[in-house]
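Please look through the sequence and the model shown here. The paragraphs below go from single residues to a whole chain and end with the cysteines.

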Amino acid sequence: MASIGKVKKERINWKEIKKQKVLLLLSAGYVIYGFIFCYLPLAGWLMAFENYKPKAGFFHSEFIGLGKFRQLFLDDGFIRVIRNTLAMGVINLVTTMVAAIIFAILLNEVKSQGGKKVVQTISYLPHFLSWIIVTGILHDALSGTGIVNDLLLRFHLLKEPLNFFAYPKYFWWIVAFANVWKETGWNAIIYLASITAIDTSLYEAAAIDGAGRWARIKYITLPGIKPTIIILLLMNAGNVLNAGFEVQYLLGNGLVQSVSQTIDIYVLKWGISQGDYSLGTAAGIFKSVVSITIILIANEMAKRAGEERLF
Amino acid sequence: MINHRMLHKSKSSLGNKIFVLLNTIFMVLFVIITLYPVWNTLVLAFNDGTDALRGGLYLWPRKWTLQNYITVLHKKNLLVGAYITVARTVIGTLTALAANALLAYIVSRKRFIFKRQLSLFWVITMYVNGGMIPVFLLYKGLGLTNSFLVYIIPGMVGAFNMMVIRTYMVGIPDSLEESAQLDGAGDLVIFTKIISPLCKPVYATIALFCAVGHWNSWFDAMLYNRMNSNLTTLQYELMKLLSSVSNQSNSVESMKNAVAAVTPTSVRSAATILTMLPIVCLYPFLQRYFVTGLTIGGVKG
Amino acid sequence: MRRKQITALLVTSAMVLGTISGCSKGTAATGASSKEDGGIKEFTAFFAVPGDEINDDNEIQQHLAEITGAKVKETWLTGQTAEEAVGTLIAGGEYPDFICGSDGTSQLYDAGALVALDDYIDDYPNIKNFFTKLEWEQLRQADGHIYWIPQFNNSYEKDMQTTHNDEAFWIQTRVLKWAGYPKITTMDEYFDLIERYQEANPTMEDGTKNIPYTILCDDWRYFCLENAPLFLDGYPNDGSCIVDLETKKVKDYNTTPTAKRYFQKLNEEFKKGIVDPESFTQIYDEYITKLSTGRVLGMIDQWWDFYVHVNDALKQQGLEDQGCNYVPLPITIDKGVKNRWHTSGDTLNVGSGLSITVSCKDVRGALKFVDDLLSEEAITLRNWGEKDVDYLVDQDGLFYRTPEIRMKVSNTAYKASHLCPYSYFPIWTGMSQDGINAAKPELQPNEFLDSLPKNVQECLQAYGCKTYVDMLGENEIPGPWYPIYTFVGTMTTATPGGTAWIKMRELKHEYLPKVVMAPDFEAGWEEYLTAYETCNPQAFLDEVQPEVDRRIKIAEEAAN
């Protein structure tokens with residue numbers, strides 16, 4: 001259920017603080033923990049402004065200011081991989097969320113409890129396979145002699161086999177498909193958990209009022225999981241530049257490399273493999289800045305729309 | 001009126017039937033397409049390694065063998081790895097669940113004066129990362145390297161999991177908390193006795209996420225406990241089997257002299273199946289927590 | 001009721017946790033100490049390459065421990081690149097006793113993690129005799145010290161190579177047999193033969209179509225596509241560029257007339273359907289699968305990249321009788337150009353080797369172990385195994401193996417529990433120090449011939465050869481700079497030459513497939529050349545030349 005906004009603006013005075021002292025004490029503990037494990041390592045961002053060498057360490061490596069950032073943004077290749085990562089990130093975000101939500105809703109409509117359990121258990125199995133295995137199967141299926149071409153030829157949709165991996169235009173969709181294939185069942189778990197939280201009496205009341213299945217889904221189920229959808233959308237939006245490394249690395253090849261390489265692959269190639277940690281850190285800072293900007297904007301939009309928000 | 005209702009019923013039952021039919025077809029197709037990669041892996045795991053090289057294995061093994069499993073199970077440190085992995089999964093999941101749930105509780109209290117700031121504090125942690133080396137130095141400085149605790153303590157609070165729980169808790173009617181407060185209950189009591197029992201589905205979900213995360217982890221074992229074979233994890237031992245496949249080396253020289261030829265696909269498949277099995281069986285146990293509806297008895301939102 | 005259970009579980013977990021962390025801290029074998037265990041010293045080692053760990057109770061390791069008084073726990077690279085793994089070790093400041101940094105060796109050197117060995121070497125005869133004086137000189141770093149001992153390609157007495165472990169144009173024996181074992185020495189002849197065979201025999205015996213020629217260009221394995229022009233002009237494997245044998249000048253093989261002819265030929269063959277259309281998108285696994293089905297008539301590749309799996313697969317399917325095994329051909333661009341595919345003799349990889357780290361508390365003990373491992377007894381144990389278990393001795397003192405033994409030693413579980421090659425410690429190849437046998441079973445002439453499939457035996461005989469090497473002919477090492485790729489491998493974006501090198505690689509990955517598939521070759525080639533120039537390849541060449549000169553100078557100085 002969406003929170004009905006009746007937030008009383010609490011004034012920060014001693015009375016209030018005393019009333020909430022348990023919460024405050026616990027929070028302090030969490031802040032200390034978060035500071036140590038999440039914020040302290042950020043001191044390592046210093047590496048991005050140096051020519052970091054492991055021997056010299058943080059404090060003795062040569063300081064070069066924005067040099068690494070300049071190097072990154074003056075490189076066409078880096079701009080290109082930003083584009084690739086963003087594109088794949090957005091496509092993946094939309095397709096995987098939509099697929100998971102639809103799957104969760106449809107699964108919820110399955111009457112048989114046993115059937116539901118079986119389907120759900122099978123659905124999240126691919127999550128446990130490594131990308132090496134999944135991309136291997138995908139490669140096989142989409143190859144000239146693979147099953148996809150087989151079917152397309154048989155139904156006369158193609159005259160001769162099409163090598164899907166040879167054309168840049170298919171790549172982003174293949175990656176999206178791979179992600180949907182592997183993660184839909186797993187991603188649906190959260191939505192299914194949310195659906196169980198919806199008050200069953202709402203469904204009963206709707207049925208008595210004569211609401212059909214679609215109406216029930218539209219007016220009860222969807223609104224019921226809306227907070228979850230919004231929150232997940234917000235959090236995943238921030239991750240749009242983390243569109244991946246392994247999938248693109250394993251599925252890519254020379255012919256599609258202009259669209260397949262992501263920021264992480266770029267960092268591996270030009271950063272780590274060259275012993276250039278500073279470059280990797282600079283790219284990481286760039287990603288963080290973009291992510292946080294997206295989060296702030298998205299959160300603000302959610303706030304304006306009166307929806308659930310992250311903070 | 002009676003006619004209207006009967007009409008209504010028969011209309012809905014035809015639409016209903018079509019829906020059920022389509023939905024069933026959809027589910028069956030979905031199961032097939034999702035099951036196939038796992039099934040294929042299973043087939044490869046039971047197939048002889050050299051024969052598997054020929055390709056063309058789809059639905060049934062061509063040359064049965066248990067050798068792949070035997071090879072995997074013969075890995076010396078596997079038992080230690082399994083022990084450590086089970087230990088960290090149990091301990092790690094419980095601690096993480098408790099830590100995340102408590103934080104989610106705090107942040108979901110509307111009256112809490114710093115809820116926005118605390119949420120922001122934690123949300124940002126999802127998108128910033130100091131990098132492998134600074135984190136390594138931090139853990140080393142804290143004495144976490146070369147110890148079991150490195151598996152448990154740093155990962156205890158995760159903003160993503162915490163947010164999922166928080167969203168769920170926000171959906172619980174305020175009236176429950178208010179009536180408990182009127183009865184004189186403090187925050188901790190409300191958390192444990194009122195809110196948590198209602199959070200079973202989301203707790204089960206997050207427990208599943210944490211458990212799977214712990215079960216599959218190997219990178220931290222390699223990074224922080226490399227020299228200590230008593231702290232290895234199951235996945236790390238198996239990753240060593242898969243090492244030569246995803247090698248990103250630029251050096252032809254190093255590959256030329258690499259002693260291990262590429263591990264056969266079939267052994268990799270067997271390793272995958274063996275690690276998948278236990279954790280996949282976890283879900284049925286958690287399913288009973290996915291209880292439908294909030295049965296609050298008397299207080300409905 | 002449930003809460004009690006959970007509480008109980010938590011308490012138990014806490015106790016377990018406490019015990020575990022207590023235990024593990026106590027028995028932690030940190031890399032910084034070498035332990036003594038019942039008189040046997042224990043060292044740790046990390047090799048930044050993939051490899052298999054042996055079991056803790058490995059039998060031959062135990063045997064070696066009794067002889068040498070020490071054993072080593074080896075760990076290998078997993079799921080990271082060598083640079084990443086080395087980088088983390090350096091950041092942590094703690095190292096295992098032994099290390100081989102592979103691609104990360106220069107990082108270790110820069111970080112000061114390695115112990116200078118030159119002052120110790122004289123005290124250890126086996127180590128000292130492992131290299132010649134010149135070779136030790138070549139191993140000196142900029143500060144004048146020696147930090148690592150390369151482990152491989154070091155033949156005792158003489159080079160016993162029977163297989164050509166390097167790159168070549170390979171072809172199936174059935175193709176040669178069908179044509180009556182003709183002499184094939186040029187690229188045009190090679191493709192012509194394949195075309196003719198394919199026309200006459202488009203399928204295998206069971207009807208599956210042949211794949212006349214395939215190319216692997218997956219990631220770093222794309223040498224199968226890109227460096228043929230180097231060899232076609234008759235140069236030896238300097239890998240990344242040509243070093244002219246007369247002038248000692250560095251040249252770029254990517255833009256030579258031969259390169260254009262080679263790619264034009266591939267383009268023609270692609271249009272004729274001879275070149276596998278999937279060449280540019282296939283991944284390594286798919287490639288090996290194709291080869292394992294015996295359908296591929298020919299390809300360029302390096303022996304170690306395919307032989308292990310493919311030979312086993314062919315044997316298992318009975319495809320050896322159909323003549324599906326591969327032999328190399330001495331191909332160059334034109335008649336009269338001498339091929340230098342195979343270089344005999346040892347090449348020193350100065351870029352990487354076994355080192356001792358500053359974390360090792362017993363440097364002398366460690367070196368003594370390395371020294372002991374080079375003795376005849378140890379080498380035999382490492383390479384051959386236990387007498388009468390892994391090999392037998394005939395009345396002349398020659399080692400040999402039975403088919404049962406050969407089967408046994410290829411079993412993974414047996415290797416982990418019994419065989420202990422200490423493969424990344426310095427090891428002799430070539431002859432055994434007993435003067436009779438070869439150092440390794442693969443090099444033993446009688447062993448080698450016996451284990452060859454029949455179709456290969458037939459083929460070799462038809463050409464008057466006894467080994468794969470004979471098919472190509474032997475060549476001496478061209479000069480002291482060889483192989484220059486060991487230097488190129490260490491170049492990074494820190495220098496303009498290194499940056500150019502990386503860019504060239506990226507570009508070739510993208511353009512070379514396009515060039516082969518281009519409908520209009522001339523236009524495609526022009527496009528490629530224009531783009532190629534933007535990488536500034538001259539910077540690359542300019543950086544390699546001084547290194548070539550430097551290596552030559554060291555050799556001249558050492559000779560005086």
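Leaving out residues up to four places away in sequence, Asn68(B) touches Leu44(B), Ala45(B), Phe46(B), Asn47(B) and Gly49(B), and also Ser266(B), Val267(B) and Ala270(B). The model is a predicted one. Asn68(B) belongs to helix H3 of chain B, which covers residues 67–73. Is Asn68(B) buried or exposed? Its relative accessible area is 4%, under the 20% cut-off, so Asn68(B) counts as buried.

Leu35(B) sits in another element of chain B, helix H1, which covers residues 2–45. Which residues does Leu35(B) contact, apart from its neighbours within four places in sequence? They are Ile122(A) and Leu125(A). Leu35(B) has a relative accessible area of 27% and is therefore classed as partly exposed.

Now turn to chain C. Its fold has 25 helices and 15 strands. Along the principal axes, the C-alpha atoms of chain C fill a box of roughly 75 × 70 × 55 Å. The radius of gyration of chain C is 26 Å, which agrees with the value near 24 Å for a compact globule of 560 residues. Of these 560 residues, 59% are buried. Contacts within chain C can also be sorted by sequence separation: of those between residues at least 6 apart in sequence, 74% join residues at least 24 apart.

The surface of chain C can be described by area and by charge. About 21,900 Å² of chain C is exposed, and carbon and sulfur atoms supply 52% of that area. Among the side chains of chain C, 51 are positive and 87 are negative. The centres of these two sets lie 2 Å apart.

The last topic is the cysteines. A disulfide is a covalent bond between the sulfur atoms of two cysteines. How many disulfides does a search of the whole structure find over all chains? The search finds 0. Why is Cys324(C) without such a bond? The closest cysteine sulfur to that of Cys324(C) belongs to Cys459(C) and is 13 Å away, which is too far for a bond. Cys459(C) is in no disulfide either: its nearest cysteine sulfur, in Cys465(C), is 8.2 Å away, whereas a disulfide needs the two sulfur atoms within 2.5 Å. Cys324(C) has a relative accessibility of 0% and so counts as buried. Cys459(C) is buried as well, with a relative accessible area of 0%.

Notes. Residues numbered from 1 in each chain as written. Chains lettered and ligands numbered in written order. Predicted model: local features only at pLDDT ≥ 70, side-chain atom pairs only at ≥ 80, totals over all residues. Heavy atoms only, no water. Buried < 20%, exposed > 50% of the residue type's maximum accessible area, 1.4 Å probe, protein only. Helix = DSSP H or I, 4+ residues; strand = E, 2+ residues; numbered from the N terminus. Rg over C-alpha atoms; globule rule 2.2 N^0.38 Å. Contact = heavy atoms within 4.5 Å. Areas by Shrake-Rupley, 256 points an atom, 1.4 Å probe, with all protein chains shown as cover. Lys, Arg positive; Asp, Glu negative; His and termini not counted. Charge placed at Lys NZ, Arg CZ, Asp CG, Glu CD.
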